Amino acid sequence: MRQFSTDVSHELRTPITVIRGQLEVALFTAQTVDQYRDAIVDSLADIERLSQIVRALLLLSQAETGQVILQKQQLDLVEVAAGVVDQFQIPAEGAEVTLQFIENVPHCAGEFDRVQIERMLSNLLSNAMKFTPSGGQVRVSIDRLDDMAEIRVEDTGEGISPEHLPHIFDRFYRVRGAGEQASPEKGLGLGLSFVAWIVRAHNGTVDVESETGKGTRFTVRLPLNSPVSIPQIDSSGVSTSVA
Ligand code: ADP
């Protein structure tokens, strides 16, 4: 809890300091309307980031204290994943990354919360895209192993080095300088915390294997029919390995 509060204060303090600095500089030095306007535009962008952090944190803490109850319904994971992959096709073309969806089974039906499964896939895919430079490949595949669904999100991007791998599911954890080549956009370091929660809430597991300079593979396994559970804050179900 103490580490969490320290992290939150740090994450919120940085954009607040930046906004204050921009506005002070504008107040004391700006002379033209354009200079005032630039300072306001920059400040609004930082305020938007601040709001995103607060919204994500609220949702994550509600999720981790059991206040988000899964809305499970009968779903076909193949159809859900195909929809999410589709949403990334245009950005993938723009980034010159080949995005493939491989359905090794025609259907993979089970009881899942659609919104959360889409969020999980979307977080894994946006990371794969963010950390894969142009010319690379991102692949999503679905398999069915007895009563488990196996979803893989693989990329040929920059990979994650062994010292960082055990921490990537921690809140606010980001590898310094990572993704800069492929995307200048800075993440919040919360995406994988959501993934870990969603997987636990569905009684599943998530594994990560990575090799620096070669790529990363996340493997999510979800039972196709399991009772709803309310996961608490721990790292069960998460495992990491270095290729
Ligand atoms: P972020 O908002 O920074 O993406 P995440 O919690 O989703 O936060 O990820 C934490 C960190 O894990 C990222 O900042 C990045 O360093 C690393 N990471 C996650 N996915 C990948 C990937 N596919 N390839 C390389 N690094 C990754």
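Here are four short exercises with worked solutions on the structure above, which is a predicted model.

**Exercise 1: The chain as a whole**

Describe the secondary structure of the chain and how its contacts are spread along the sequence.

*Solution.* Let's begin with the elements: the chain has five helices and eight strands. Next, put them in sequence order, and the pattern reads α-α-β-α-β-β-α-β-β-α-β-β-β. Now turn to the contacts with a separation of 6 or more: 76% of them join residues 24 or more positions apart. Finally, look at burial and surface. Of the 243 residues, 42% count as buried. The chain exposes about 13,100 Å², and 53% of this area is supplied by carbon and sulfur atoms.

**Exercise 2: Who surrounds the ligand?**

Find the residues that come nearest to the ligand, then sort the shell by residue type and by element.

*Solution.* Start with the shell, which holds 20 residues; N127, K130, D155, G189 and L192 come nearest. Then sort the shell by type: eleven residues are nonpolar, six are polar and three are charged.

Now for polar contacts with the ligand, taken one residue at a time:

- K130 places a polar side-chain atom 3.0 Å from an oxygen atom of the ligand.
- D155 has an N or O atom in its side chain 2.9 Å from a nitrogen atom of the ligand.
- G189 takes part through its backbone, where a polar atom is 2.9 Å from an oxygen atom of the ligand.

The elements come next. Two or more shell residues are given by each of helix 4 (114-130), helix 5 (191-201) and strand 7 (215-223). Helix 4 makes the largest contribution, with three residues.

**Exercise 3: How covered is the ligand?**

Work out what share of the ligand's accessible area the protein covers.

*Solution.* Take the polar contacts as the way in: G189, for one, has a polar backbone atom 2.9 Å from a ligand oxygen. Then consider the ligand on its own, with 530 Å² of accessible area. The protein covers 96% of that area.

**Exercise 4: A closer look at H202**

Is H202 buried or exposed, and which backbone atom does its side chain reach?

*Solution.* First, locate the residue: H202 sits in the loop between helix 5 and strand 6 (205-211). Second, check its accessibility. A residue is buried when its relative accessible area is under 20%. H202 has 1% relative accessibility, so H202 counts as buried. Third, follow the side chain of H202, which reaches the backbone oxygen of I198 at 3.0 Å.

Note on methods:
Residues are numbered from 1 along each chain as its sequence is written. This is a predicted model: local features need pLDDT of at least 70, side-chain atom pairs count only at pLDDT 80 or more; totals for chains, interfaces and linings use all residues. Side-chain values use heavy atoms; hydrogens and water are left out. A residue is near a molecule or strand if one of its heavy atoms lies within 4 Å of it. A polar contact is a pair of N or O atoms within 3.5 Å; within protein, one must be able to donate a hydrogen and the other to accept it, and residues adjacent in sequence count only if both atoms are side-chain atoms. Accessible areas come from the Shrake-Rupley method with a 1.4 Å probe; for residues, only the protein chains shown count as cover. Helices (H or I, at least four residues) and strands (E, at least two) are DSSP runs, numbered from the N terminus. Ala, Val, Leu, Ile, Met, Phe, Trp, Tyr, Cys and Pro count as nonpolar, Asp, Glu, Lys and Arg as charged, and the others, Gly among them, as polar. Buried means under 20% relative accessible area, exposed over 50%, partly exposed in between (1.4 Å probe, protein chains only). Contact means heavy atoms within 4.5 Å.
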